[in-house]
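Dear colleague,

Here is the structure I promised to hand over, together with its sequence. Below it you will find my notes on what turned up when I went through it.

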Amino acid sequence: MSTAFSGETRKMQCPHVIHISPHPDDEAVGAPATLLAFRDRGIPVANIVTSLGAPADRDRRRAEVLEAGRIGGLRVEILEEVIAGDPAGYEEAVTAAILAATSNVSAPVILVSPSPHDKHPRHEAVGRATAAAAVKLGDTAVWWMYSVWGALPLPTAYLPFGGELMGRADRLLSAYVGEIDRNDYRRLVRGRSMAASVLGAEQIFGFGSTNDFAEPYAELFTEVGYRNGKWLAGIPRCINPSAPITEMSDRDITSWVTGRSPSDLVAW
C-alpha cells in the first residue's frame with residue numbers, strides 16, 4: 001500500500017460538498033476533518049440540518065450550529081419546515097431538500113452523511129434519504145458514508161490528517177456547548193480518528209497491508225455511486241482533498257446499501 005493518492009482522478013471542475021446532518025452537531029462528529037480540508041482548498045461545503053432535537057432545545061441548538069458554521073466556514077441550511085412538519089414525511093422531505101440544494105449546481109456533487117446502517121434511527125433515516133437523492137442525481141454525484149453509532153463494515157476511502165487539523169475539528173465541535181456538557185463527543189472524535197489511522201489501511205487496501213501513513217489521525221468513508229441501476233463501490237484509495245472525485249470500481253454492493261440495517265433486523 002502506497003501513500004500516494006489512489007484512484008483515477010477525474011479532471012473536472014471543483015465539486016460541491018453537501019453534508020446532511022441528522023442532528024445539529026453531526027457534521028462536527030461524523031466528518032469534521034474532511035469537511036475542513038475541503039474548505040481549506042476553496043471547495044464550497046453546505047451543511048443541511050434536518051432536525052434540532054427536542055422543542056425546548058431548539059433555540060440553543062440552532063445557535064450552536066450557526067456558530068459551528070461560522071467557525072468552519074460552512075454554509076448552514078436549517079430545514080425549518082421539515083423540523084416543524086409531519087415526522088411521517090421526514091425522509092421524503094430530506095430527499096427533496098438535497099435535490100433542491102443541488103438543482104442549480106453544475107459541478108459534481110459529493111454527498112456526505114451517515115450510513116443507512118448507523119444504528120441510530122435518525123441517522124439511518126438520513127442515510128436512506130441521501131440514498132434516494134443519490135439515485136436521482138445518478139452520475140453527477142458520489143456519496144461518502146460515515147459511521148458514528150454503528151460499524152462501517154465496507155470502508156473504501158481514507159483521509160489521514162495531523163494534529164493541526166485535529167485541533168480545528170475539536171474547536172468546531174466545541175461550538176456545541178450544550179451537547180458537550182451532556183456527553184463530551186470530542187473524546188469520541190479524537191479516539192475514533194486515532195483508531196482509523198491504525199485500522200484504515202488494512203480495512204481498505206487489504207489485511208496485511210503496510211500502514212505507510214505517518215499522520216496520527218484519519219477519517220474513513222464508504223464511497224458509492226449509483227451507476228446504471230446499481231450501487232458501485234469506490235476504488236480503494238486515500239482521499240486527495242484537492243481532487244476528491246474518482247471513478248467508481250466495478251464492485252456491485254447494491255445488496256448492502258439497500259439491505260435492512262442490523263438494528264432493523266433485530267428490532268433494536
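A charge is taken to sit over a ring if NZ of Lys or CZ of Arg is within 6 Å of the ring centre and within 35 degrees of the ring normal. In this model, which is a predicted one, Arg122 lies over the face of Tyr90, at 4.3 Å from the ring centre.

Turning to rings that pair with one another, the structure holds 7 aromatic pairs. In one of these, the ring centres of Phe38 and Trp144 are 5.7 Å apart and the planes stand at 40°, so the pair counts as tilted. Because Phe38 belongs to helix α2 (residues 32-40) and Trp144 to strand β5 (residues 141-146), this pair ties together parts that are 106 residues apart in sequence. Phe38 is buried, with a relative accessible area of 1%, and Trp144 is likewise buried, at 0%. Ring pairs also bring in Phe221, which forms a cluster with Phe38 and Trp144.

These three aromatic residues reappear in the nonpolar interior: the largest nonpolar core has 43 residues, and those that touch the most other members are Val17, Phe38, Ile110, Val112, Trp144, Leu173 and Phe221. Apart from that core lies another, of 28 residues, which includes Ile18, Ile20, Ala97 and Trp231. Leaving aside residues up to four places away in sequence, Trp144 touches a set of residues that includes Thr34, Phe38, Ile110, Phe221, Arg237 and Pro244.

The strand that carries Trp144 deserves a look of its own. In β5, 6 of the 6 residues are buried, so the strand is largely enclosed by the rest of the structure. Both of its faces are covered, with Ala141, Trp143 and Met145 buried on one side and Val142, Trp144 and Tyr146 buried on the other. Strand β4 (residues 109-114) runs parallel to β5 and is joined to it by 6 bridges, and within this pairing Leu111 stands opposite Trp143.

Finally, I looked at Ser249, which is placed in strand β10 (residues 248-252). Ser249 is buried, with a relative accessible area of 16%, and a polar atom of its side chain lies 2.7 Å from the backbone oxygen of Ala233. The side chain of Ser249 also reaches the backbone nitrogen of Arg251, at 3.1 Å. Not counting residues up to four places away in sequence, Ser249 touches Leu232, Ala233, Gly234 and Ile235.

With best regards

Conventions. Residues numbered from 1 in each chain as written. Predicted model: local features only at pLDDT ≥ 70, side-chain atom pairs only at ≥ 80, totals over all residues. Heavy atoms only, no water. Phe/Tyr/Trp six-rings, centres within 6.5 Å; stacked < 30°, edge-to-face > 60°. Helix = DSSP H or I, 4+ residues; strand = E, 2+ residues; numbered from the N terminus. Buried < 20%, exposed > 50% of the residue type's maximum accessible area, 1.4 Å probe, protein only. Core = buried A, V, L, I, M, F, W, Y, C linked by side-chain atoms within 4.5 Å. Contact = heavy atoms within 4.5 Å. Polar contact = N/O pair within 3.5 Å; in protein donor to acceptor, adjacent residues only side chain to side chain. Pairing = 2+ DSSP bridges.
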